[in-house]
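The following note sets out numbered comments on the structure shown below. The comments deal with a pocket, a strand and the aromatic rings.

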Amino acid sequence: MSNQLEALREMTTVVADTGDIEAIKKYQPVDATTNPSLLLKAASMPHYKDIIDDAVAWARLQSKDSDQQLIDAADMLSVLVGKEISSSVPGRISTEVDARLSFDTEATIEKAKRLVELYSDEGIDKSRILIKIASTWEGIRAAEELEKNGIHCNLTLLFNFAQARACAEAGVYLISPFVGRILDWYKANTDKKEYTAQEDPGVQSVTEIYNYYKEYGYETVVMGASFRNIGEIQALAGCDRLTISPALLEELANETAELPRQLTGKDNSKTPGDKIGEIEFRWMMNEDAMATQKLAEGIRNFAADQVKLENTLKEKLDAQS
């Protein structure tokens, strides 16, 4: 008897939201995605001990400046973890730009190019990489420029329609609209504490974005992310891609009930109007307390985990000095 994970794969590309190699091998996703939080977790896994040591040793050869060594070690660790994961998936690996660059377009572009260069040095072509960037106005502008140069991007920390519209109009390859974090905000900030999958505001947001993209013929891939339960995943069956944690992949694999398609797309006969401008974008974000707060919180949390990861690397760099 088939299960819901197998059924989901028939209509949606399944992506692993983890750096755990064993979980990736077990569930065999097409793509995989990482972020500073997942890298921090991976750094504590025995499997990655040698990779961390290699990144630190390499960084020490690149510069005698301790600050630069730390930057280089962090960049190389991201790439080496991505390389390791890429050997277990047939598709793409998403690697995130330092969240502290989220409001600096030029620095984001330079960091992305650096990561692509390091991947190339490791024998991984840019066609297998997605550069993850926060969906700020500055991040979207960076992604627009990178896409023009053949570097595909995954715009993350996306919580509302303004961000999604701007990404599509910028020609971004893929967006990661968050589901669970939207639900978290509504549970914490409204009187309603229980939601069915159809009532889930995160599910509704992704559904609106998906239908809009299909109606207007945008090619940007919609990859739902940040799930709290399999009900959210079931309600988005048929979405272009879904990035799912190992725990929820396991739940889907153990569920044998039929999984009907929910998202089907619509006729792409509509013609887009004028592109969203910076003023309109910022106003729409300002008017959306959930999106504004969750974007800022996500950037802060990823930046904090980046600092923790760097502290781990600094200890190893200092030990080798």
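1. A pocket is here an open set of points on a 1 Å grid over the protein atoms alone, with protein on both sides within 12 Å along at least five of seven lines. Its volume is the space filled by probe spheres set on the points. In this predicted model, the largest pocket holds about 370 Å³ of space.

2. The lining of the largest pocket comprises 26 residues. Those nearest the centre of the pocket are Asp17, Asn35, Leu38, Arg181 and Ser226. Sorted by class, the lining consists of 11 polar, nine nonpolar and six charged residues.

3. Three elements each contribute at least two residues to this lining: helix H3 (36-42), strand S5 (153-158) and strand S8 (241-244). The largest share belongs to H3, which gives three residues.

4. Strand S8 merits a separate comment. In a regular strand, side chains alternate between the two faces of the sheet. In S8, Arg241 and Thr243 point one way, while Leu242 and Ile244 point the other way. On either side the outcome is burial, as all four of these residues are buried.

5. Which strands pair with S8, and in what sense? Strand S1 (residues 13-17) pairs with S8 in the parallel sense over four bridges, and threonine 13 stands opposite arginine 241 of S8. Strand S7 (residues 221-224) also runs parallel to S8, the two being joined by two bridges. Here glycine 224 is the residue opposite leucine 242 of S8.

6. The connection between S7 and S8 may be described further. Together with helix H11 (residues 230-235), these two strands form a β-α-β unit, and the unit is right-handed.

7. Turning to the aromatic rings, the model contains seven aromatic pairs when ring centres within 6.5 Å are taken as the criterion. One pair joins tryptophan 185 and tyrosine 186, whose ring centres are 5.1 Å apart. The planes of these two rings meet at 80°, and because planes over 60 degrees apart count as edge-to-face, the pair of tryptophan 185 and tyrosine 186 is assigned to that class.

8. Are the two partners buried or partly exposed? Tryptophan 185 has a relative accessibility of 15% and therefore counts as buried, the limit being under 20%. Tyrosine 186, with a relative accessible area of 27%, is partly exposed.

9. A cluster of rings should also be noted. Phe161, Tyr212, Tyr213, Tyr216 and Tyr218 are linked into this cluster by ring pairs.

How values were computed:
Residues are numbered from 1 along each chain as its sequence is written. This is a predicted model: local features need pLDDT of at least 70, side-chain atom pairs count only at pLDDT 80 or more; totals for chains, interfaces and linings use all residues. Side-chain values use heavy atoms; hydrogens and water are left out. On a 1 Å grid over the protein atoms alone, a cavity is a set of points where a 1.4 Å probe fits but cannot get out, and a pocket is an open set with protein on both sides within 12 Å along at least five of seven lines; lining residues have an atom within 4 Å of a point. Ala, Val, Leu, Ile, Met, Phe, Trp, Tyr, Cys and Pro count as nonpolar, Asp, Glu, Lys and Arg as charged, and the others, Gly among them, as polar. Buried means under 20% relative accessible area, exposed over 50%, partly exposed in between (1.4 Å probe, protein chains only). Two strands pair if DSSP finds at least two bridges between them. A crossover is right-handed if, with the strands pointing away from the viewer, the path from the first strand over the helix to the second runs clockwise. Rings of Phe, Tyr and Trp (its six-membered ring) pair if their centres lie within 6.5 Å; planes under 30 degrees apart count as stacked, over 60 as edge-to-face and the rest as tilted.
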